[in-house]
Amino acid sequence: MAELANIHHLEARDGLPEDLRWLVEKYPRQDWRAHDNVHGMASMWLQRHDMFRELGGTMSGGIGDYREGRLDAAEFARWFAPRLNFFLGNLDGHHNVEDQHYFPAFANAEKRLKRGFDILDADHHLIHEALERNAETANTFLRALQEGEDKQRFAADAYADENARLVAMLTRHLDDEEDLIIPLILDRGDRALGVG
């Protein structure tokens, strides 16, 4: 698994390896929403991923608003903490369900994609570490809001950098996961995959 993670490291790749893209070539992204099998699991998956993309953008926008002076420290802290907890908690929970239930079912249904699910699993470990770093830098930042401007600015910059890294990793992962899973669901349907 370590060898696989190095070859297809989340922060270094620009998509799935070509040998794992045969289903997404058969079912290109632009055709997904019109497919008969998009309802159910595929639709839920896309909606959930869109929520994570939106939350990542919201968090990036919020830290930008604070850094640009559009929110003061107290306003930002009240706005930031519940959204961060929701974002990090839901993302971690979503990955746990995928790792424990969906990825094994999908890999079992289509053995030629098993390596793809191993790549996605390795991503989850990297994202989990990034979630922990994100929470740590966020807590440092929230504590710094009680300090002087220099400490606040330094902590805000550190958090913004960590958040940007997490959002970039998440964006790549969500796209790759969709390119592997949604075409499989469209091809087989929920019931045939044992998830409907």
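**Close-up views of aromatic contacts and an enclosed cavity**

Phe-117 is buried, with a relative accessible area of 3%. The views described below are taken from a predicted model.

**View 1. Phe-117 of helix H5 pairs with Phe-106 of helix H4.** The search of the whole structure returns 13 aromatic pairs, and the contact between Phe-106 and Phe-117 is a tilted one. The ring centres of Phe-106 and Phe-117 are 6.0 Å apart, with 35° between the planes. The planes of stacked rings would be under 30 degrees apart and those of edge-to-face rings over 60, so an angle between these limits is classed as tilted. Phe-106 is buried, at a relative accessible area of 0%, and Phe-117 is likewise buried, at 3%. The two residues are 11 positions apart, and the pair links distant parts of the chain.

**View 2. Phe-76 and Phe-141 form a tilted aromatic pair.** The distance from centre to centre is 5.4 Å, and the angle between the planes is 55°. Phe-76 belongs to helix H4 (residues 73-109) and Phe-141 to helix H5 (residues 114-144), so this pair ties together parts that are 65 residues apart in sequence. Phe-76 is buried, with a relative accessible area of 0%. Phe-141 is also buried, and its relative accessible area is 0%.

**View 3. Six aromatic residues, Tyr-66, Phe-76, Trp-79, Phe-80, Phe-141 and Tyr-159, make up one cluster.** Both members of the pair in View 2, Phe-76 and Phe-141, are included in this aromatic cluster. Two tyrosines, Tyr-66 and Tyr-159, and the tryptophan Trp-79 also take part.

**View 4. Helices H3 and H6 each supply at least two lining residues of the largest cavity.** Rolling a probe the size of a water molecule over the atoms shows where empty space is left. By the rule applied here, the count is 1 cavity of 30 Å³ or more, and the volume of the largest cavity is about 30 Å³. The lining consists of Phe-52, Arg-53, Gly-56, Val-167, Leu-170, Thr-171 and Leu-174. Helix H3 spans residues 41-67 and helix H6 residues 149-188; the largest share of the lining, 4 residues, comes from H6. By class, 4 of the lining residues are nonpolar, 2 are polar and 1 is charged. Arginine counts as charged and glycine as polar, so Arg-53 and Gly-56 fall into these two classes.

Conventions: Residues numbered from 1 in each chain as written. Predicted model: local features only at pLDDT ≥ 70, side-chain atom pairs only at ≥ 80, totals over all residues. Heavy atoms only, no water. 1 Å grid on protein atoms, 1.4 Å probe; cavity = no way out; pocket = protein on both sides within 12 Å on 5 of 7 lines; lining within 4 Å. Points joined across faces, edges and corners; volume = space filled by probe spheres on them. Phe/Tyr/Trp six-rings, centres within 6.5 Å; stacked < 30°, edge-to-face > 60°. Buried < 20%, exposed > 50% of the residue type's maximum accessible area, 1.4 Å probe, protein only.
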